[in-house]
Amino acid sequence: MSLLLKALGVLVGTAASAVLFNVPRSALLWAALAGLMGWAVQVRVGLNGVSPAAGALLGALTVSLTGEALARARRMPALVFVVPGILPLVPGTRAFQAMLALLRQDHGLAALEGAQALVAAGGIAVGLLMGTALTRAWGRPTPQVLPLSSPPPERPRKFRHRAVVLPLWKDRNDLSN
Amino acid sequence: MAGAHLDSQAERLSTDFQGSLRGAEYGQWVDTLLDRASLRDVARVCLDAAKVLIASGAETARVEETVTRIGAACGVEVESIATPTGITVSVGGDRPVTRLARVRVRTIDMSKVAAVNALSRSLEAGEISLRAAGNELGRLLQSPGPSLGSRSRRRMYLAQSLATSGFALLVGGGPKELVPALLLGLLARLVDERVAPLPPFLAVFLNALAVSICAGLSRLVLPEINVDVLIVAGVIPLLPGLALTNAARDLMAGELIAGVARGADSILTAAALAGGVCLGVSLMALHP
């Protein structure tokens with residue numbers, strides 16, 4: 001029950017922060033679903049008792065791969081789905097506990113909690129890196145324009161281009177024409 | 001009449017040329033077929049697209065790729081160097097037209113990133129002319145950010161309060177934290193608008209400070225409330241998620257300078273956030 005409530009919180013929170021980032025309306029639900037999937041993977045991994053960093057890594061990897069797949073399917077930048085999607089993975093409570101421990105001058109606890117929060121944040125970064133690296137191979141091919149730097153010498157100079165001024169904008173500051 | 005003439009020139013640039021000029025036999029002559037004025041127009045469109053992308057928070061690799069795509073759609077070679085703070089574009093290989101632009105104000109506006117992405121796609125497919133793309137980019141450059149129009153402003157307030165209460169559920173809040181979280185989100189948005197002109201790290205610091213102080217004040221009204229949940233949920237929308245994502249994507253695309261710069265940006269933002277929360281918590285004596 002509490003897990004369902006949290007899942008609802010993830011959905012609402014991710015979609016609402018997507019609105020904050022001005023994500024296009026047609027992508028809001030997809031961004032929220034990417035966030036939900038990442039969080040679900042993180043929770044599932046956490047149930048097995050492995051380190052929270054592994055959960056954050058796999059969650060971020062899920063978000064990144066989902067975002068890239070959605071980007072291909074919906075013809076939008078992957079950022080649109082990934083940026084709101086990783087917010088539920090952030091180790092906010094742990095970082096907050098570390099800060100509280102620092103304020104109480106309990107340096108042992110602060111180091112423990114802070115290290116765990118840092119490692120989880122690093123896990124998110126590494127998960128994003130892995131997802132991007134895995135999908136770069138299937139990206140759009142970069143357009144190739146043939147190199148122009150040295151025109152062949154056999155072409156006579158007089159046949160080269162004569163400047164014909166045909167401006168595309170009559171008045172460069174008038175955007176209406 | 002002059003307008004029709006200009007239209008045909010723009011069409012020629014973006015559609016007729018692209019099929020024939022990709023061929024190996026014409027490739028070397030492409031830039032000699034475009035006159036200086038046309039090169040300048042291509043440079044202007046490339047620069048405008050890059051400015052919109054950088055100012056809206058796109059990753060650097062996307063900026064350079066978009067610029068190359070626009071050039072390829074017009075049949076000219078374009079080289080560019082983009083950083084998170086500016087762009088240099090050089091259009092045409094032999095005697096290039098080179099322009100640069102600084103981008104000083106950066107916001108997060110995914111709609112504009114998606115719009116420029118779609119624009120470069122349709123320019124490449126020959127569906128719109130260079131001129132139409134230039135006009136659309138001019139409109140995007142001049143259109144206000146998401147937080148300025150009054151309707152979208154209301155939407156932002158609603159979004160931040162919903163985000164805060166959603167994350168309050170996530171970090172272990174119950175029904176009694178929901179309404180305070182909604183109010184806290186509204187307040188965080190209000191502070192966000194006020195501190196937006198300040199330097200970014202100071203703005204995040206002040207916003208985190210305001211969130212933690214107000215969460216502490218809410219305990220005076222409702223003593224049984226969980227203030228930690230409120231603070232953590234209140235600062236999650238302030239986290240540097242975009243900077244972290246962009247750092248990862250730029251590093252993997254080989255954009256080392258931009259990747260490292262964005263990584264430093266995200267670490268500094270997180271530090272400012274932590275400092276604001278620390279100061280607020282100790283001022284309110286929440287955890288003596």
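Here a trainee and a mentor talk through how some labels in this predicted model are justified.

Trainee: How do you know which kinds of elements make up chain A?

Mentor: Chain A has six helices and zero strands. Read along the sequence, its pattern is α-α-α-α-α-α. Of its 177 residues, 46% count as buried.

Trainee: What makes Asn22(A) count as buried or exposed?

Mentor: The cut-off for buried is 20 or more other C-beta atoms within 10 Å. Asn22(A) has 25 of them, so Asn22(A) is buried. You will find Asn22(A) in the loop between helix H1 (2-20) and helix H2 (28-47) of chain A.

Trainee: And what makes Gln105(A) count as buried or exposed?

Mentor: Exposed calls for 12 or fewer such neighbours. Gln105(A) has 7 C-beta neighbours inside 10 Å, so Gln105(A) counts as exposed. Gln105(A) sits in the loop between helix H5 (92-103) and helix H6 (107-136) of chain A.

Trainee: What is there to say about phi in these two loop residues?

Mentor: Asn22(A) has a phi near 60°, which is positive although the residue is not glycine. Gln105(A), also not a glycine, has a positive phi near 60° too. As background, most residues other than glycine have a negative phi.

Trainee: How do you know whether the length of H6(A) agrees with its 30 residues?

Mentor: The expected span is 1.5 Å times one less than the number of residues. For the 30 residues of H6(A) that gives 44 Å, and the end C-alpha atoms are 42 Å apart, so the two agree.

Trainee: What do the buried residues of H6(A) pack against?

Mentor: They pack against helix H3 (52-74) and H5 of chain A, together with helix H12 (241-252) of chain B. Among these buried residues are Ala117(A), Ile124(A), Leu128(A) and Thr132(A).

Trainee: How does the span test come out for helix H10 (residues 200-221) of chain B?

Mentor: Its 22 residues should span 32 Å, and its end C-alpha atoms are 32 Å apart, which agrees. The buried residues of H10(B) include Phe205(B), Leu209(B) and Cys214(B). Their packing partners are helix H9 (178-195), helix H11 (227-235) and helix H13 (256-283) of chain B.

Trainee: Why are H6(B) and H7(B) called roughly antiparallel?

Mentor: Helix H6 (residues 110-124) and helix H7 (residues 130-142) of chain B pack at about 175°, with their axes 10 Å apart. Angles over 145 degrees count as roughly antiparallel, and H6(B) and H7(B) therefore earn that name.

Trainee: Which residues meet there, and of what kinds are they?

Mentor: From H6(B) come Lys112(B), Ala115(B), Val116(B), Leu119(B) and Leu123(B), which meet Leu130(B), Ala133(B), Glu136(B) and Leu140(B) of H7(B). The residues of this contact divide into seven nonpolar, no polar and two charged.

Trainee: How do you know that S1(B) and S2(B) pair?

Mentor: Pairing needs at least two bridges. Strand S1 (residues 78-83) of chain B is joined to S2(B) by six bridges, and the two run antiparallel. For example, Val78(B) has Val91(B) as its bridge partner, and Ile81(B) stands opposite Thr88(B). The two strands form a hairpin with two residues between them.

Trainee: What joins S2(B) to S3(B)?

Mentor: Six bridges again join S2(B) to strand S3 (residues 97-102) of chain B, also antiparallel. Here Thr88(B) has Leu100(B) as its bridge partner.

Trainee: What makes S1 and S3 of chain B the edge strands?

Mentor: The open sheet has three strands in the order S1-S2-S3 (chain B), with antiparallel pairing. S1 and S3 each pair on one side only. The twist averages 10° from one strand to the next.

Trainee: Which residues of S2(B) lie on its covered face, and which on its uncovered one?

Mentor: Ile87(B), Val89(B) and Val91(B) make up the covered face, while Gly86(B), Thr88(B) and Ser90(B) make up the uncovered one. This fits a general rule: in a regular strand the side chains alternate between the two faces of the sheet. H5(B) lies across S1 and S2 of chain B, running at about 160° to S1(B).

Trainee: What makes Arg69(B), in helix H5 (residues 60-74) of chain B, count as buried or exposed?

Mentor: Arg69(B) has 22 other C-beta atoms within 10 Å, so Arg69(B) is buried.

Methods: Residues are numbered from 1 along each chain as its sequence is written. Chains are lettered from A and ligands numbered from 1 in the order in which they are written. This is a predicted model: local features need pLDDT of at least 70, side-chain atom pairs count only at pLDDT 80 or more; totals for chains, interfaces and linings use all residues. Helices (H or I, at least four residues) and strands (E, at least two) are DSSP runs, numbered from the N terminus. Two residues are in contact if their C-beta atoms, placed from the backbone, lie within 7 Å. Axes are lines fitted to C-alpha atoms, for helices over the stretch in contact, and angles run from 0 to 180 degrees between N-to-C directions. Angles under 35 degrees count as roughly parallel, over 145 as roughly antiparallel, 65 to 115 as roughly perpendicular and the rest as oblique. Ala, Val, Leu, Ile, Met, Phe, Trp, Tyr, Cys and Pro count as nonpolar, Asp, Glu, Lys and Arg as charged, and the others, Gly among them, as polar.
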